Amino acid sequence: MKKNPVDLERKYLMQTYARSPIVIERGKGCWVWDVKGRKYLDFVAGLGVNALGHGHPRILKALREQAARVIHVSNLYYHPYQGPLAAELAKITGMDRAFFCNSGTEAVEGAIKLARAFGGRQSKEKFEVVALDNSFHGRTIGALSATGQAKYRQDFEPLVPGFHFARFNDIQDLTAHVNERTCALIVEPVQGEGGIFELSQEFMDAARELTRRYQALLICDEIQAGLGRTGRYLASQWYGVKPDIVLLAKPLAGGLPLGAFLAREEVAGSLAAGMHGSTFGGGPLACRVALEFLAVLKDEKILAHVRQVGQYFYKQLLALQKKHPLIREARGKGLMLAIDLDRPSRPFVQAALDRGLIINSTHDTVLRFLPPLIIEKKHVDQACEILDALFTEASRENPNPTGQAGVR
Ligand SMILES: Cc1ncc(COP(=O)(O)O)c(C=O)c1O
């Protein structure tokens, strides 16, 4: 008899994930279906990966054609797509050179190495990295060392030495942390995992100014916010600030694992031959599909669409907030949006699932929305109708569970 995949996972997988209890079998556009044939509106998009939804015909075509030609060659040889993809990414990010890896956390690792190599050329004391409280940069040891949330760090300490944390949007505190020992400051222009918080313009300006003053690098982690999610290629472009290193991953290869760090010419030269590498990074299949993904973003004018539908979604969330006092705040940019509740958000994820909507809970009280960038107003309406029903029900059962006003 065929074993149930859930039972097998429970027996044979390390139990690191608190999965929602559905087994997703297929997807099309903004929708997925589970093995029982139930349909769900997908407002998580594989944690921001499936930017073009599921089964986009151009992504499928590129994938099929390339899989039939060659999937992997290693970085010992050239292939036709890594160079063109680097050139395209350089153009849209304003950077000069790219390195390809397989995930967000690997992009962070590479950037830390690059920053330390760059700092080391100036002085052997110049190895410190400043990151922000409440940040999230990944799960590998270097990226975790830059992640400013105790819950992710506490079981693995001591982490890599030389990492310091400045308070979010606090220029005075940032100024107290950046100095001549700093080789890099790493920021998410919009904190994602931390609950969707935008850096202020003043803070971003100060970050640029301070890093320049101390010849340290400004690293923008655009892994969640980049590649169209906020309605620009990079979230940092909203600030008019040019970083020294840009990190990308998530949607880059239409669902295949691919990450990248890009840097300005003077910086990129600090990594010479043999100093960094990857077996899988930048393979022909992922790079070919990534080129197609970027072409679709352009051809289908996805960035303008994100700005438009994102604004509509935000307004609908504000309307929900007006109606339901349990919503403390609606916030975000483009299609990187969230609402903060006066109570734990996790039960709403299950309740939404029961009604056919996939959403995500982060940072205890926050519901995060990272829908495919191709959603239309009608999908927003459908999602908000379900949320409205959930909040009406929850307010009836429990009007104010903590009795507290909202705090950040
Ligand atoms: C801003 C940011 N950086 C880094 C990462 C880590 O990416 P990955 O899970 O692909 O390693 C994430 C993942 O959510 C992220 O949101």
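The buried residues of helix 9 (buried meaning under 20% relative accessible area with a 1.4 Å probe, protein chains only) pack against strand 5 (128-132), helix 8 (171-177), strand 7 (182-187) and strand 10 (217-221), a contact being heavy atoms within 4.5 Å. The model is predicted, with local features needing pLDDT of at least 70 and side-chain atom pairs counting only at pLDDT 80 or more, while totals for chains, interfaces and linings use all residues. Residues are numbered from 1 along each chain as its sequence is written, and side-chain values use heavy atoms, without hydrogens and water.

Helices (H or I, at least four residues) and strands (E, at least two) are DSSP runs numbered from the N terminus. The buried set in helix 9 consists of Phe203, Met204, Ala206, Ala207, Arg208, Leu210 and Thr211. Helix 9 covers residues 201-213, and its end C-alpha atoms lie 18 Å apart, in agreement with the 18 Å expected for 13 residues at 1.5 Å a residue; the expected span is 1.5 Å times one less than the number of residues. Just after helix 9, Gln215 adopts a positive phi of about 50°.

The ligand is surrounded by Ser103, Gly104, Thr105, Phe136, His137, Gly138, Glu188, Asp221, Ile223, Gln224 and Lys250, each with a heavy atom within 4 Å of the ligand. By class, this shell holds two nonpolar, six polar and three charged residues, with Gly counted as polar. A polar backbone atom of Gly104 lies 2.8 Å from an oxygen atom of the ligand, and a polar backbone atom of Thr105 is 2.8 Å from a ligand oxygen.

Terms used:
Buried < 20%, exposed > 50% of the residue type's maximum accessible area, 1.4 Å probe, protein only. Polar contact = N/O pair within 3.5 Å; in protein donor to acceptor, adjacent residues only side chain to side chain.
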